[in-house]
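Q: Could you take a close look at one helix for me, and walk me through how it sits among its surroundings? I would be glad of a connected account.

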Amino acid sequence: MKGIAFPHRGLRLAAGLLLGLLAGCSAQSRMDFYAKDIACEELGQQWSMPDSRGTVRGPKDLQGQVTYLFFGFTSCPDVCPTTMVELSQVKHLMGKDADQLQVVFVSVDPARDTPEVARTYVEAFDPKAIALVGNEAQLAAMASDFKAFYEKEPGQVPDTYTMSHIAGGYVFDRQGRLRLFAPYGMPVEKLFSDVQRLLLEPGHPAAGNDALASCHLKHSGTLAAR
């Protein structure tokens with residue numbers, strides 16, 4: 001197929017520069033997030049779990065706000081409390097928009113984390129946070145949907161144990177779509193930036209749909225290698 005011909009070298013250079021700039025803009029638009037883009041991974045779409053007040057929650061309940069969902073347990077000595085503190089710091093940076101970030105804590109230790117214990121734990125950090133506590137079967141199913149790792153490990157004292165689990169959080173946009181995975185230890189300022197970008201998307205519908213459109217093309221095989 002014939003393209004547009006540029007008879008003069010100057011015009012060819014200008015056209016090449018323009019195309020390069022456009023390509024650079026396109027590449028930059030895909031690098032706006034600091035967290036890992038997992039929009040194409042098809043995770044976190046089929047799950048249900050009761051919260052600490054007995055209401056069964058699912059993906060549809062995550063619509064309307066940006067949501068940070070993570071797996072943990074209330075006896076966790078470091079990762080979980082640090083995560084809750086950092087999320088509180090993100091909310092502080094958000095100011096009047098703090099309620100636009102919903103924190104969801106999923107207990108991987110339902111034997112010890114009763115609904116009351118889990119609720120008291122998360123609300124000590126964030127009164128608006130939601131704790132999800134199900135039975136072993138519900139937990140296993142939800143963890144599988146997110147490909148989230150957790151495992152019981154014997155403690156140093158007989159008849160005690162601790163839990164190993166995935167560190168990091170799953171970030172959903174306002175439409176309830178899983179978009180990002182924020183690794184544990186991600187700087188608060190960068191997580192704040194990612195949350196802000198997701199909050200801005202509803203004003204520009206195409207911004208939120210671009211990732212999903214590219215996923216659809218990828219999985220349907222219509223993106224041919226060039």
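A: Happy to, and let us start with a pair of helices: H2 and H3 are oblique to each other, because their axes cross at roughly 40°. Those axes come within 9 Å. On the H2 side the contact is made by Cys80, Pro81, Met84, Val85 and Ser88, and on the H3 side by Tyr121, Val122 and Phe125. Sorted by character, the residues of this contact are 7 nonpolar, 1 polar and no charged. Please keep in mind that the model is predicted.

Now for H2 itself. The helix covers residues 79-94, 16 residues in total. From first C-alpha to last it reaches 23 Å, close to the 22 Å expected at 1.5 Å a residue. Just after H2 comes Gly95, with a positive phi of about 60°.

Which residues of H2 are buried? They are Val79, Cys80, Pro81, Thr83, Met84, Leu87, Val90, Lys91 and Met94. The cover over these buried residues includes three strands, S4 (66-72), S5 (101-107) and S8 (161-165). Helices H3 (115-125) and H5 (188-200) are also among the elements that cover them.

Met94 is a good residue to zoom in on. It lies in H2 and counts as buried because its relative accessible area is 5%, under the 20% cut-off. Leaving aside neighbours within four places in sequence, Met94 is in contact with Gln100, Leu101, Phe192, Val195, Gln196 and Leu199. One of these partners, Phe192, is 98 residues away along the chain, yet the C-alpha atoms of Met94 and Phe192 are separated by 7.5 Å.

Stepping back to the interior, the largest nonpolar core has 54 residues. Its largest share, 6 residues, comes from H2. In soluble globular proteins, nonpolar side chains tend to be buried together. The residues with the most contacts inside this core are Leu69, Phe71, Val106, Met142, Phe146 and Tyr170. Take Phe71: beyond residues up to four places away in sequence, Phe71 touches Val106, Val108, Met142, Ala143, Phe146, Ala148, His165, Ile166 and Tyr170.

A loop residue offers another view of the interior. Leu62 is placed in the loop between strand S3 (56-57) and S4, and S4 is among the elements covering H2's buried residues. At 6% relative accessibility, Leu62 counts as buried. Apart from neighbours within four places in sequence, Leu62 is in contact with Trp47, Thr67, Val104, Phe172, Asp173, Arg174 and Gly176. Leu62 and Gln175 are 113 residues apart in sequence, with 7.6 Å from C-alpha to C-alpha.

Two exposed loop residues, away from the helix itself, round out the tour. Glu42 has a positive phi of about 55° although it is not a glycine; this residue is in the loop between strand S1 (36-37) and strand S2 (49-50), and it is exposed at 53% relative accessibility. Lys147 likewise has a positive phi of about 55° without being a glycine. Its place is the loop between helix H4 (136-146) and strand S7 (150-154), and its relative accessible area of 66% makes Lys147 exposed.

As for the chain as a whole, the secondary structure comes to 6 helices and 10 strands. Of its 226 residues, 40% are buried. Among contacts between residues at least 6 apart in sequence, 69% join residues at least 24 apart.

Notes. Residues are numbered from 1 along each chain as its sequence is written. This is a predicted model: local features need pLDDT of at least 70, side-chain atom pairs count only at pLDDT 80 or more; totals for chains, interfaces and linings use all residues. Side-chain values use heavy atoms; hydrogens and water are left out. Helices (H or I, at least four residues) and strands (E, at least two) are DSSP runs, numbered from the N terminus. The expected span of a helix is 1.5 Å times one less than its number of residues. Buried means under 20% relative accessible area, exposed over 50%, partly exposed in between (1.4 Å probe, protein chains only). Contact means heavy atoms within 4.5 Å. A nonpolar core is a set of buried Ala, Val, Leu, Ile, Met, Phe, Trp, Tyr and Cys residues joined through side-chain atoms within 4.5 Å. Axes are lines fitted to C-alpha atoms, for helices over the stretch in contact, and angles run from 0 to 180 degrees between N-to-C directions. Angles under 35 degrees count as roughly parallel, over 145 as roughly antiparallel, 65 to 115 as roughly perpendicular and the rest as oblique. Ala, Val, Leu, Ile, Met, Phe, Trp, Tyr, Cys and Pro count as nonpolar, Asp, Glu, Lys and Arg as charged, and the others, Gly among them, as polar.
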